[in-house]
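Trainee: I would like to understand how descriptive words for a protein model are justified by values. Could we go through some of them slowly?

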Amino acid sequence: MEGIVLRGERIPIWNYQKGIFRPAALGATGAALSIQTSAASPYNDVHDADAGSISYKYRGHDPMHPDNVALRRAMDRQLPLVYLVAVDPGVYDVIAPVYITQDVPGALEFTLVADQLGAPVAPADSLMTAVRREYATRAVLQRLHQQQFRRMVLSAYREQCCICRLKHVELLDAAHILSDRHPKGEPIVTNGLGLCKIHHSAYDANIIGIDSDAMVHVREDILREKDGPMLKYGLQAVAGYRLVLPRSSDLKPNRDFLAERYDRFRAA
């Protein structure tokens, strides 16, 4: 928010009220410096993980709007941009640098790719640059999709752990029922559980299991163990609890997913 100081002048890097931002210091013919996607319209722009690219929508429907022209200048000059993607209201994931590789007027969008900070800027047709940027973009998209999954799951679970009801969002995770490596392990709410970090770790480590009726089970050896209050109240005491589930039946965990994961817990 403070921006940078250049030759004694403060230059902002972004403006939270504008999706496409060009600082006045760059002049009327300057290129855009930063772009953003808001939490109110999450991930409408980021959508093509398979292609290893990011689509960013025009401002409005006029290709010649000054903001769209400023982005086109960044593309023509191959200048880097700062991309801010809202992962929660008021919280952004900063992706930098990104470059515009294509202008698609028919779809009212630009195509972006991410790159690695400090990487040499080679000609646009350089094979090494293209491969590096595709790799960086896929990594960015994977991270953004996981953050989208977290936001959707925690919203469905009313921002609390479904086992212990802890409501400190900074201590909450979106846990996969079937892992993202599983053929059915999609980042969708019905394959997720809102869990605090302790119960998420315990679930991943098969210390606790959750059956298809949403009942919590604790591993037998853990129940017999003697330790401090976290073990007693955080793990042993939750045996037999039923999860606090989303109100909408469309958002409740998939019973078949729970059953498959519970079978793995029992085997462990």
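Mentor: What follows is a conversation about a predicted model, in which each word is set against its value.

Trainee: How many helices and strands does the protein chain have, and what share of its residues counts as buried?

Mentor: The protein chain has six helices and twelve strands, and 42% of its 268 residues count as buried. Along the principal axes, its C-alpha atoms fill a box of roughly 70 × 40 × 35 Å.

Trainee: Why is the pair of W14 and Y92 called edge-to-face?

Mentor: A pair of aromatic rings is described by the distance of the centres and the angle of the planes. The structure holds four aromatic pairs, and in the one formed by W14 and Y92 the ring centres are 5.0 Å apart and the planes stand at 70°. Centres must lie within 6.5 Å for a pair, and planes over 60 degrees apart count as edge-to-face, so W14 and Y92 meet both conditions.

Trainee: What makes this a link between distant parts of the chain?

Mentor: W14 belongs to the loop between β2 and β3, while Y92 belongs to strand β7, and the two are 78 residues apart.

Trainee: How do you know whether W14 and Y92 are buried or exposed?

Mentor: The word buried is used under 20% relative accessible area, and exposed over 50%. W14 has 16%, so W14 is buried, whereas Y92 has 26%, which lies between the two cut-offs, and therefore Y92 counts as partly exposed.

Trainee: What makes Y56 and Y83 an edge-to-face pair?

Mentor: Their centres are 5.8 Å apart and their planes make an angle of 85°, and since the limits are within 6.5 Å for the distance and over 60 degrees for the angle, the name edge-to-face applies to Y56 and Y83. Y56 lies in strand β5 and Y83 in strand β6, so the pair ties together parts that are 27 residues apart in sequence. Both Y56 and Y83 are buried.

Trainee: Why is β6 said to be largely enclosed by the rest of the structure?

Mentor: The reason is that seven of the eight residues of β6 are buried.

Trainee: How do you know which strands pair with β6, and in which sense?

Mentor: Two strands need at least two bridges to count as paired. Strand β4 is joined to β6 over four bridges in the parallel sense, with I35 standing opposite Y83. Between β6 and β7 there are six bridges, and these strands run antiparallel; one bridge sets L84 against V94 in β7. Both numbers of bridges reach the required two, so β4 and β7 each count as partners of β6. The hairpin of β6 and β7 has two residues between the strands, and G90 there takes a positive phi near 80°.

Trainee: Where else does the backbone have features to look at?

Mentor: In strand β7, where P97 is found, the peptide bond that joins A96 and P97 is cis, with omega about -5°. L108, in the loop between β7 and β8, has a phi near 55°, a positive value in a residue other than glycine. N206, in the loop between α3 and β11, also has a positive phi, near 60°.

Trainee: Why is L108 called partly exposed but N206 buried?

Mentor: The relative accessible area of L108 is 22%, which is not under the 20% cut-off for buried and not over the 50% cut-off for exposed, so L108 is partly exposed. N206 has 16%, which is under 20%, and therefore N206 counts as buried.

Trainee: How do you know that the charged end of R133 sits over the ring of Y99?

Mentor: The distance of the charged end from the ring centre is 4.0 Å, and the limit is within 6 Å, together with a position within 35 degrees of the ring normal. R261 likewise lies over the face of Y203, at 3.9 Å from the ring centre.

Trainee: What makes up the lining of the second largest pocket?

Mentor: This pocket holds about 230 Å³ of space and is lined by 15 residues, of which A174, A175, H176, H200 and D204 are the closest to its centre. The elements that give two or more residues to the lining are α2, β9, α3 and α6, and β9 supplies the largest share, with four residues. By type, the lining divides into four nonpolar, five polar and six charged residues.

Note on methods: Residues numbered from 1 in each chain as written. Predicted model: local features only at pLDDT ≥ 70, side-chain atom pairs only at ≥ 80, totals over all residues. Heavy atoms only, no water. Phe/Tyr/Trp six-rings, centres within 6.5 Å; stacked < 30°, edge-to-face > 60°. Buried < 20%, exposed > 50% of the residue type's maximum accessible area, 1.4 Å probe, protein only. 1 Å grid on protein atoms, 1.4 Å probe; cavity = no way out; pocket = protein on both sides within 12 Å on 5 of 7 lines; lining within 4 Å. Points joined across faces, edges and corners; volume = space filled by probe spheres on them. Nonpolar A, V, L, I, M, F, W, Y, C, P; charged D, E, K, R; others polar.
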